[in-house]
Amino acid sequence: MSTQNFASAAIHVVGQYNDAGKTLVSAYRSGAHRLLNGAASRYGQFLGNRQLPLLNEDIKARLIGAQEKVNGFLANRLDIDTSRVVNVMDRVATGATTGIESVSKLAARVESPLGNSVLGTLNSLHMPIAQVSVQIADRIAAGAKKIEDRVAGAPVAKAARTVKGKPVARRAARTTRKA
């Protein structure tokens, strides 16, 4: 029945948005880890390369050790919190797909001619919207993957873009003379 096509499109959209969300969370996690590691290395270099008054090598080592503990704590919290976010996203997506499947099964049970006519009409009206939603969801998932790759430091291929516009008409500069 045509409700299966509509349901599969809706499930695909939910899946793509879930994947895009998880990809963005992964990009956030990668970027935050890079930030933490960069700050830790700069702090260590700053203390190691400078001759600071009142700081001997023992105090510098303690400061660097304390900073590493803080960095480790923050990295651990980041991993725990982003894992929780991903779990919540998975639960929401599972609930949404389960709901879509149950509604689709109920709609498939409709045997009356009037019910089939109404469902057919609704499907023909909403299927183009569902197809556009699938395309949008696919593009969002692809864009999220590009963001993740960029945050991870992978080179991003730039798409060649052709911009067509009206040619710019240049006016001759007017000169005004004072008499």
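How many helices and how many strands are there in the chain? There are 3 helices and 0 strands, and this is a predicted model. The legends below start with the whole chain and then move to single sites.

**Figure 1. The whole chain follows the pattern α-α-α along its sequence.** Welcome to the overview! Of the 179 residues, 22% count as buried. The chain exposes about 13,600 Å², and carbon and sulfur atoms supply 59% of that area. Look also at which parts of the sequence meet: among contacts between residues at least 6 apart in sequence, 83% join residues at least 24 apart.

**Figure 2. Confidence varies along the chain, with its highest value among the helices in H2.** The average pLDDT of the chain is 78, and 79% of the residues score at least 70. Helix H2 has a mean of 88, whereas H3 has the lowest mean, 79. Take care at residues 165-170, where pLDDT stays under 50. For this stretch the model has 0 contacts beyond four places in sequence. Where pLDDT is low, the predicted coordinates should not be read in detail.

**Figure 3. Six residues make up the largest nonpolar core.** Find Ala9, Val13, Met127, Ala130, Val134 and Ala137, the 6 residues of this core. Helix H1 (2-49) and helix H3 each supply at least two of them. The largest share, 4 residues, comes from H3. Now zoom in on methionine 127: leaving aside residues up to four places away in sequence, methionine 127 touches Asn5 and Phe6.

**Figure 4. A nonpolar patch lies on the surface.** Its members are Tyr17, Val132, Ile136 and Ile140, and together they have about 330 Å² of accessible area. Helix H3 (residues 113-152) gives the largest share of the patch, 3 residues. Isoleucine 140 is found in helix H3. With a relative accessible area of 38%, isoleucine 140 is partly exposed.

**Figure 5. Glutamine 67 is a buried residue in helix H2.** Helix H2 covers residues 57-109. Why does glutamine 67 count as buried? Its relative accessibility is 18%, and buried means under 20%. Not counting residues up to four places away in sequence, glutamine 67 touches Ala40 and Tyr43.

**Figure 6. Two salt bridges can be followed along helix H2.** The count for the model comes to 5 salt bridges. One of them joins aspartate 58 to arginine 62, with the closest N and O atoms 3.5 Å apart. These two residues are separated by about one helical turn, because they are 4 residues apart in helix H2. Aspartate 58 is partly exposed at 44%, while arginine 62 counts as exposed at 59% relative accessibility. In another pair, arginine 77 forms a salt bridge with aspartate 81, and the closest N and O atoms are 2.8 Å apart. Arginine 77 and aspartate 81 are also 4 residues apart in H2. Arginine 77 is partly exposed, with a relative accessible area of 30%, and aspartate 81 counts as partly exposed at 36%.

**Figure 7. Salt bridges link Lys145, Glu148 and Asp149 in a network.** Glutamate 148 pairs with lysine 145, the closest N and O atoms being 3.2 Å apart. Being 3 residues apart in helix H3, they are separated by about one helical turn. Is glutamate 148 buried or exposed? At 15% relative accessibility, glutamate 148 counts as buried, whereas lysine 145 counts as partly exposed at 41%.

Methods. Residues are numbered from 1 along each chain as its sequence is written. This is a predicted model: local features need pLDDT of at least 70, side-chain atom pairs count only at pLDDT 80 or more; totals for chains, interfaces and linings use all residues. Side-chain values use heavy atoms; hydrogens and water are left out. Buried means under 20% relative accessible area, exposed over 50%, partly exposed in between (1.4 Å probe, protein chains only). Contact means heavy atoms within 4.5 Å. Patches are made of residues with over 30% relative accessible area and no salt bridge: like charges are joined within 9 Å, nonpolar side chains (Val, Leu, Ile, Met, Phe, Trp, Tyr) within 5 Å. Accessible areas come from the Shrake-Rupley method with a 1.4 Å probe; for residues, only the protein chains shown count as cover. A salt bridge is a side-chain nitrogen of Lys or Arg within 4 Å of a carboxyl oxygen of Asp or Glu. pLDDT is the predictor's confidence in each residue, from 0 to 100. A nonpolar core is a set of buried Ala, Val, Leu, Ile, Met, Phe, Trp, Tyr and Cys residues joined through side-chain atoms within 4.5 Å.
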